[in-house]
2 protein chains.
Amino acid sequence: MTDSNDGLSKATRPGKMKSRRYRELWTRPGYLVRRLHQIHIGLFAEECGKEDVTPVQFAILSVLQGGEEMDQLTLSTSVGIDRTSGADVIRRLERRGLVQRESSVLDRRAKLVRITEQGKEFVARVRPMMARAQERLLSPLTDDERAEFYRLINRLVDANNDSSRAPMGSV
Amino acid sequence: MTDSNDGLSKATRPGKMKSRRYRELWTRPGYLVRRLHQIHIGLFAEECGKEDVTPVQFAILSVLQGGEEMDQLTLSTSVGIDRTSGADVIRRLERRGLVQRESSVLDRRAKLVRITEQGKEFVARVRPMMARAQERLLSPLTDDERAEFYRLINRLVDANNDSSRAPMGSV
């Protein structure tokens, strides 16, 4: 645990790069997207630190916040994770008393998930922290640039959506 | 394993969304960045499928491709992963004969890593597949939009770099 906290990783910035092989890495879009994803996880953890919640856990709670119950698979899919990871994340939220699960009457293999009162309070408390992480992520851009970044990344996600799948492992 | 392949996850697209709670999720930049990251992993796996390599493994090999040996920690940091994950990824590459490790003469705790001939051949073979994945990722954008996306995401990664850290877990 010490080791993994210890290993805060900062990729060398273009200005500091010495050789062409770094520069090549830096210009690869996949690499930049991974770095930005890591940055978001870092900011989210900093802002929500003591609440011990990940972006995916918060996304699941936010979707359930609407009030209706949802089957576990639809819920996982709606936040972009696969069935197995979804079941795992939801089980953890259940253990903390933030969601409840029950078997569906129509299909006993399906699990229906709903947010608890405690879960709603949690979302209300964590939402401003989450918002600050998002704000910090985009703070280097002007308002116009943010709007443009939104437009372009929405376009990329939307058009590529069918190629997407949950990560097969983190590294 | 079947389950995790089975769970190909496609987030509902804005056009298909029924309720406001999805739309809120969709506009969060952190969520969009995670989706785009997953999409890239998916495209990379599709293009490089039979070579059994991840973007991070390929990044490490690419950095080493320059020829010089590098200590394990600097190498991990340069591709944006922490010490523990780096050691794990490099060990796997070593087992496949793609890199070699030896203890440093100056500091016996430090491990020096270098690419093998087999590793160089691997990079040469996989590079066009990697390039196709990158090309597909950005294919929804025009040339001007790509340039703008590069500029904005580079700005975000560069300015936020100090907040970054390796993910503490994938979900």
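Helices are DSSP runs of H or I with at least four residues, strands are DSSP runs of E with at least two, and both are numbered from the N terminus. Asp52(A) lies in the loop between helix 3 (29-48) and helix 4 (55-64) of chain A.

This is a predicted model, in which local features need pLDDT of at least 70, side-chain atom pairs count only at pLDDT 80 or more, and totals for chains, interfaces and linings use all residues. Residues are numbered from 1 along each chain as its sequence is written, while chains are lettered from A and ligands numbered from 1 in the order in which they are written.

**Exercise 1. Lay out chain A**

Task: State how many helices and strands chain A has, and give their pattern along the sequence.

Solution:
- Step 1. Count the elements: chain A has 8 helices and 3 strands.
- Step 2. Read along the sequence: the pattern is α-α-α-α-β-α-α-β-β-α-α.
- Step 3. Look at burial. A residue is buried if 20 or more other C-beta atoms lie within 10 Å of its own, exposed if 12 or fewer, and partly exposed in between, with C-beta atoms placed from the backbone. Of the 171 residues in chain A, 39% are buried.
- Step 4. Look at contacts. Two residues are in contact if their C-beta atoms, placed from the backbone, lie within 7 Å. Among contacts in chain A between residues at least 6 apart in sequence, 51% join residues at least 24 apart.

**Exercise 2. Buried, exposed or partly exposed?**

Task: Place Leu43(A), Arg96(A) and Val105(A) in the chain, then classify each residue.

Solution:
- Step 1. Leu43(A) sits in helix 3 of chain A. It has 24 other C-beta atoms within 10 Å, so Leu43(A) is buried.
- Step 2. Arg96(A) is in the loop between helix 6 (83-95) and strand 2 (99-103) of chain A. With 14 other C-beta atoms within 10 Å, Arg96(A) is partly exposed.
- Step 3. Val105(A) is in the loop between strand 2 and strand 3 (111-115) of chain A. Its count is 8 other C-beta atoms within 10 Å, so Val105(A) is exposed.
- Step 4. Try chain B too. Asn161(B) is in the segment after helix 8 (143-160) of chain B. Asn161(B) has 17 C-beta neighbours inside 10 Å and therefore counts as partly exposed.

**Exercise 3. An unusual phi**

Task: What is the sign of phi at Asp52(A), and is the residue buried or exposed?

Solution:
- Step 1. Recall the background: most residues other than glycine have a negative phi.
- Step 2. Asp52(A) is not a glycine, yet its phi is positive, about 50°.
- Step 3. Asp52(A) has 9 other C-beta atoms within 10 Å, so it is exposed.
- Step 4. Turn to chain B. Asp52(B) also has a positive phi of about 50°. It lies in the loop between helix 3 (29-48) and helix 4 of chain B. Asp52(B) is exposed, with 9 other C-beta atoms within 10 Å.

**Exercise 4. How do two helices cross?**

Task: Describe how helix 4 of chain A packs on helix 6 of chain A.

Solution:
- Step 1. Choose the quantities: two packed helices are described by the angle between their axes and the distance between the axes. Axes are lines fitted to C-alpha atoms, for helices over the stretch in contact, and angles run from 0 to 180 degrees between N-to-C directions.
- Step 2. Read the values: the angle is about 75°, and the axes are 10 Å apart.
- Step 3. Name the arrangement: helix 4 of chain A is roughly perpendicular to helix 6 of chain A. (Under 35 degrees is roughly parallel, over 145 roughly antiparallel, 65 to 115 roughly perpendicular, and the rest oblique.)
- Step 4. List the residues: Val56(A), Gln57(A), Ile60(A) and Leu61(A) in helix 4 meet Val89(A), Ile90(A) and Leu93(A) in helix 6.
- Step 5. Sort them by class: 6 are nonpolar, 1 is polar and none is charged. (Ala, Val, Leu, Ile, Met, Phe, Trp, Tyr, Cys and Pro count as nonpolar, Asp, Glu, Lys and Arg as charged, and the others, Gly among them, as polar.)

**Exercise 5. Into the core**

Task: Which residues touch the most other members of the largest nonpolar core?

Solution:
- Step 1. Define the set: a nonpolar core is a set of buried Ala, Val, Leu, Ile, Met, Phe, Trp, Tyr and Cys residues joined through C-beta atoms within 7 Å.
- Step 2. Among the 72 residues of the largest core, the answer is Leu36(A), Ile60(A), Leu61(A), Leu36(B), Ile60(B) and Leu61(B).
- Step 3. Locate the core: domain 1 (10-51) and domain 2 (53-128) of chain A both give residues to it, so it lies between them. (Domain bounds come from an automatic or database domain assignment.)
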